[in-house]
Amino acid sequence: MPLQKFHYKNLLLGEHDVPLTCIEQIVTVNDTKRKQKVLGPNQKLKFNPTELIIYCKDFRIVRFRFDEAGPESAKKVCLAIAHYSQPTDLQLLFAFEYVGEIYHNPAKKVNGIDPGGGGGGISSASGQQTPLFETYSDWDREIKRTGASEWRVCSVNEGYMISTCLPEYFVVPSSLADQDLKLYSYSFIGRRMPLWSWNHPNGSALVRMANIKDVLQQRRIDQRICNAITRSHPLRSDVYKSDLDKCLPNIQEIQAAYNKLKQLCVNDPFDDTEEKWLSSLENTRWLEYIRAFLKHSAELVYMMECKHVSVVLQEEEGRDLSCLAASLIQVMLDPYFRTIVGFQSLIQKEWVMAGYQFLDRCNHLKRSDKESPLFLMFLDCVWQLLEQYPAAFEFSEVYLTVLHDSARISLFGTFLFNCPHQRVKESTEFAISKNIQLGDEKGLRFPCVWDWSLQFTSRDRLLFHNPLYVGKSAPGVHNGALRTFKRSKKNYSSTLRGVPPAIKNGIIGEQEFVPRRNSLILKLKPEFLHSAEGQSHSMEQYFRDWFAKPVDLHGVILPHLSGTQIKLWKLCYFRWVPEAQISHGGSITAFHRVSVLADEVDMLNRSLRQYKSNSSLPGHCSELDQSRMYFRANGLNDTSGTPDFLSSSFPFSPVGNLCKRSILGTPLSKFLSGAKIWLSTETLANED
């Protein structure tokens, strides 16, 4: 890759840097003795390694050779990396060391940014900032934005007096008094009282709730909560409860699918898996689970949108599957959450503040029994929607991929803790031990991941923006609706062999139902499908009618669920695999052409504004130089071709997985067979 023409990089990391929290497994190898060992913390190494293999959580494999190093120094390097990449305590993670250093020596700020410097995020055209939902006012603004007039911000958990796994402020029905909430909280697992997530314009609410552990009080408390939610609805509509533990795969099943996917995409040589690739991919069940979450979320969208009922997402602790389901429902229903700032606020609200256990689920401390990639599965589900409705999202798949990577960088407090209380507790203890004066602050302020200037230049951040996105103020949008994608029913009929005609777009008719091998459909059939036949027909009719109409990009979007329409997210999972790269190919080529075209349109608009204002050119040079596109037109009627540095892994390195076993027989193997040091992409290009 001609690096002189392409300088996309993370400002925090060097070309081959790997954050310690991104390391999954360390393997030492001795070629001559044919020995290898997986290194854990505080383990001894009885042989001198000739090679070190680092398996990363972002699907990279990094290999180092020790041919020119002394045997003792090679051993020390391996043991040191094993020790520091598997800390035994949360306060040993880099974020604590960094923030502690900054409080004592502000001159050492990374990229000149303060810790916790605002959560400013990426500003939209209107200058919006990402709300962190740490304050009363953020929740109050969200209530007003969604028109939830019968709901209020509750401060009963200030100082985490009621529950340590809830935020200090959250939203409850106005008819529920604080005293009642305190009383009811004892009956919920983790004292996690019902949490309001979002309100539909028709008055239906989306609520998350943990299970009630007090069997004797269960029915009474459940009835009171449901009555309060009903009273908050302008039509006093019923409440529909969805038991996610019964409807969706559990976190252990998702982790098992992820391990199989990783084995298929990274660890197994492509030569061995190519012939059975599609069946092997199906056997991982990863795409099946993606489909399950999208399908169940779409059915709950139907309940809120068409049936006008409030939906309660019930889960044992209410902090795993409900994060994913609640977020997907809101992405499908609310176009605000399909903008960059809106999406970031959604993650803050439904994941960070609602107590998703990032520390355990991302396995930052290498306690694998609690690990599960739910956050990655959510990003994958959103990518499926982005792939199906590219003009409905302000952000690109590069943004989603970088967001996944950022969860593995232990500088940011956003994805480091199991709940807000843990951040306050651990950072306060750390501050006391390091003689840091906190003043009025509740714990240390860590850098926020939404401060993207910490990681990327303003030029590189342009890759986060989707050139196909049509905002409400864009030309050609009438009354907030763009009606360009006219579809016929034929395009959306199922093409799966052996699937009954009752399945269209993933919607199941109860009659003619034939279960498929390895299918979750039977297990995932929601409760309302078992109700009266009229209700089932009503839901099926709603989906059929929706898919028959043109898409309103600023309204509801629903996923296509047939086999060919749920795809593997190749940029995220294949970007480090040389054999999977398509030089001058992949979706980035379309992204490039659309960006150039959009930039030409912007140039024409700017020229037109300048012409109409009758202003001289010098006065408007700055406006003419501006562009919101990473790839820009050299001028009107630009005929330049695809840049030679583009590949299907853009903007990531096309040669990341330098694994001998997987590249035997390729031109790279001759270099690697005698490689003495880690070969950079530049070196390989020169040798070639």
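Okay everyone, this is a short tour of a sheet, a helix pair and a cavity in one structure. Keep in mind that the model is predicted.

Let's start with the sheet. Four strands make an open sheet in the order 7-8-10-9, and the pairing is mixed. Strand 7, residues 195–199, and strand 9, residues 239–243, stand at the edges with a single partner strand each, so each has one side without a neighbour in the sheet. From one strand to the next, the twist averages 20°.

Now zoom in on strand 7. It pairs with strand 8, residues 205–210, in the antiparallel sense over 4 bridges. If you want a spot to look at, find Trp198, which stands opposite Leu206 in strand 8. Then there's helix 5, residues 215–231: helix 5 lies across strands 8, 9 and 10, and runs at about 130° to strand 9.

On to the helix pair. Helix 12 (340–352) and helix 14 (374–388) have axes that come within 13 Å and cross at roughly 145°. The crossing is right-handed. So, which residues make the contact? From helix 12 we have Phe343, Leu346, Ile347 and Trp351, and from helix 14 Leu374, Phe375, Phe378, Leu379 and Val382. Those contact residues divide into 9 nonpolar, no polar and no charged.

Helix 14 comes up again with the cavities. A search of the whole structure finds 5 of 30 Å³ or more, and the second largest has a volume of about 90 Å³. Of its 13 lining residues, the closest to the centre are Cys362, Pro373, Phe375, Leu376 and Arg408. Helix 14 gives the largest share of that lining, 3 residues. The lining is mixed in character: 8 nonpolar, 2 polar and 3 charged.

Definitions and conventions. Residues are numbered from 1 along each chain as its sequence is written. This is a predicted model: local features need pLDDT of at least 70, side-chain atom pairs count only at pLDDT 80 or more; totals for chains, interfaces and linings use all residues. Side-chain values use heavy atoms; hydrogens and water are left out. Axes are lines fitted to C-alpha atoms, for helices over the stretch in contact, and angles run from 0 to 180 degrees between N-to-C directions. Helices (H or I, at least four residues) and strands (E, at least two) are DSSP runs, numbered from the N terminus. A crossing is left-handed if the near helix is turned anticlockwise from the far one by less than a right angle, and right-handed if clockwise. Contact means heavy atoms within 4.5 Å. Ala, Val, Leu, Ile, Met, Phe, Trp, Tyr, Cys and Pro count as nonpolar, Asp, Glu, Lys and Arg as charged, and the others, Gly among them, as polar. On a 1 Å grid over the protein atoms alone, a cavity is a set of points where a 1.4 Å probe fits but cannot get out, and a pocket is an open set with protein on both sides within 12 Å along at least five of seven lines; lining residues have an atom within 4 Å of a point. Grid points are joined across faces, edges and corners, and a volume is the space filled by probe spheres set on the points. Two strands pair if DSSP finds at least two bridges between them.
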